[in-house]
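Biologist: Hi! I'm new to reading protein models, so could you walk me through this one with a few questions and answers?

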Amino acid sequence: MIVMFFCKYRGTIKLSKGGFMSYQAKDTMTDKLITIDWKASLTNAFELMKKNSIRHLPVRNDDSVIVGMLSERDLLRAMRSDYSKDHLVPAEYTQFSAEAVVREYMNWPVKTVSKKENLEQVVHKMLHDKISSVLVVDEDQELVGIITTDDLISLLLTFLREDSEKKNM
């Protein structure tokens with residue numbers, strides 16, 4: 001039995017009898033990358049993430065080389081608010097410093113995996129390094145995609161549904 005599943009960025013993925021162990025990074029990655037310049041403001045980064053419903057932005061330098069990763073967690077760390085110790089402030093009053101730029105908050109060096117790397121190894125690397133995304137490169141070290149925890153959870157959900165369907169047969 002082959003199960004199809006649709007992901008917003010990747011299209012349809014087919015799950016076959018080989019299961020999780022037969023998957024490589026290229027089978028799970030999102031290949032439509034949205035990047036940001038390292039001199040961009042954090043406000044611009046926040047708006048770009050919000051507009052595209054993403055939580056990770058590969059960061060490029062002046063030469064368009066990917067030099068870091070900005071995550072939603074990095075933005076949360078950078079947020080400031082005018083609050084009193086007596087009460088919490090609504091999110092709409094939380095903001096970034098006008099001078100804050102991406103390169104000051106991005107994570108570096110960039111973590112990468114080969115597009116042919118076994119998915120189990122990718123997951124192990126992400127857990128070991130305590131990261132929620134990893135960039136995928138080809139044989140020439142060219143950037144071809146990104147794998148996030150959301151991608152892995154979507155794949156897990158597909159396997160769970162496939163397993164449930166088998167049990168109900």
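Biologist: Which residue just after α4 takes a positive phi?
Modeller: Keep in mind that this is a predicted model. Move along to the point just after helix α4, and look at the backbone there. With a positive phi of about 55°, the residue to note is Lys 130.

Biologist: Which residue caps the N-terminal end of α4?
Modeller: At this end of the helix, look for a side-chain oxygen that faces the backbone nitrogen of Glu 120. The two atoms lie 2.7 Å apart, and the oxygen belongs to Asn 118.

Biologist: Which residues of α4 are buried, and how wide an arc do they cover around the axis?
Modeller: In α4, which spans residues 119-129, the buried ones include Leu 119, Val 122 and Met 126. In an α-helix, residues three or four places apart point the same way, because there are 3.6 residues a turn. On the other side of α4, His 124, Leu 127 and His 128 are exposed. The buried three sit on the same side of α4, because the arc they cover is only 55°.

Biologist: Which helix gives the most to the largest nonpolar core?
Modeller: This core has 15 residues, and Ile 36, Leu 42 and Ala 45 are among those with the most contacts inside it. At least two core residues come from each of α2 (42-52), β4 (56-60) and α3 (72-78). With three residues, the top contributor is α2.

Biologist: Is Ser 71 buried or exposed?
Modeller: Ser 71 belongs to strand β5, residues 66-71. Its contacts beyond four places in sequence are Met 49, Arg 55, His 56 and Asn 107. Buried means under 20% relative accessible area. Ser 71 has 10%, so Ser 71 counts as buried.

Biologist: How many residues apart in sequence are the parts that Lys 39 and Asp 62 tie together?
Modeller: These two form a salt bridge, with their closest N and O atoms 3.2 Å apart. Lys 39 is in the loop between β3 and α2, whereas Asp 62 is in the loop between β4 and β5, so the parts they tie together are separated in sequence by 23 residues.

Biologist: Which residue meets Glu 139 in a salt bridge?
Modeller: Glu 139 lies in the loop between β9 and β10, and its partner in the loop between β8 and α4. Glu 139 is exposed at 52% relative accessible area, while the partner is partly exposed at 47%. The side chains meet at 3.4 Å, N to O, and the partner is Lys 116.

Definitions and conventions
Residues numbered from 1 in each chain as written. Predicted model: local features only at pLDDT ≥ 70, side-chain atom pairs only at ≥ 80, totals over all residues. Heavy atoms only, no water. Helix = DSSP H or I, 4+ residues; strand = E, 2+ residues; numbered from the N terminus. Buried < 20%, exposed > 50% of the residue type's maximum accessible area, 1.4 Å probe, protein only. Contact = heavy atoms within 4.5 Å. Core = buried A, V, L, I, M, F, W, Y, C linked by side-chain atoms within 4.5 Å. Arc of directions from axis to C-beta. Polar contact = N/O pair within 3.5 Å; in protein donor to acceptor, adjacent residues only side chain to side chain. Salt bridge = Lys/Arg side-chain N within 4 Å of Asp/Glu carboxyl O.
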